[in-house]
Amino acid sequence: MAWIESHQSLGTHKKLFALAELLKISRPQAVGHLHFLWWWALDNAPDGDLSNVPIRVVATSIVTGK
């Protein structure tokens, strides 16, 4: 099982504030969405290249966790 490193500074990073504002969600929700994205990418794009993945697939994976 792969794992990701998550730093406590993530929750107060300026880019997280921008993401939460852009998506009109709370910072804890934004952190959760990022983790879902990273977990999904571990299984579906282990090299980190999402360029060939349709944006709807990525978005669905983040929202539903599938």
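Start with the largest pocket of this predicted model, which has a volume of about 190 Å³. To light it up, select Leu 19, Leu 23, Ala 30, His 33, Leu 34, Leu 37, Val 58, Ala 59, Ile 62 and Val 63, the residues that line it. Now color by element: the ones giving two or more residues to this lining are helix H1 (14-23), helix H2 (27-44) and helix H3 (55-64). Try coloring by residue class too. The lining has 9 nonpolar residues, 1 polar residue and no charged ones.

Next, hide everything but H1 and H2. How close do the axes of H1 and H2 come, and at what angle do they cross? They come within 9 Å and cross at roughly 100 degrees. Angles of 65 to 115 degrees count as roughly perpendicular, so that is how H1 and H2 sit relative to each other.

Stay with this pair and show side chains. On the H1 side, pick Leu 16, Phe 17, Leu 19 and Ala 20; they meet Arg 27, Ala 30, Val 31 and Leu 34 of H2. By class, that contact has 7 nonpolar residues, 1 charged and no polar. You've seen some of these names already: Leu 19, Ala 30 and Leu 34 are among the pocket-lining residues and also take part in the H1 to H2 contact.

Last stop: color by pLDDT. The protein averages 90, and 95% of the residues score at least 70. Where is confidence lowest, and where is it highest? Click on H3 for the lowest, with a mean of 84, then on H1 for the highest, at 96. Keep the H3 value in mind when you go back to the pocket, as H3 is one of the helices giving two or more residues to its lining.

Conventions:
Residues numbered from 1 in each chain as written. Predicted model: local features only at pLDDT ≥ 70, side-chain atom pairs only at ≥ 80, totals over all residues. Heavy atoms only, no water. 1 Å grid on protein atoms, 1.4 Å probe; cavity = no way out; pocket = protein on both sides within 12 Å on 5 of 7 lines; lining within 4 Å. Points joined across faces, edges and corners; volume = space filled by probe spheres on them. Helix = DSSP H or I, 4+ residues; strand = E, 2+ residues; numbered from the N terminus. Nonpolar A, V, L, I, M, F, W, Y, C, P; charged D, E, K, R; others polar. Axes fitted to C-alpha atoms, helices over the stretch in contact; angles between N-to-C directions. Parallel < 35°, antiparallel > 145°, perpendicular 65-115°, else oblique. Contact = heavy atoms within 4.5 Å. pLDDT = per-residue confidence, 0-100.
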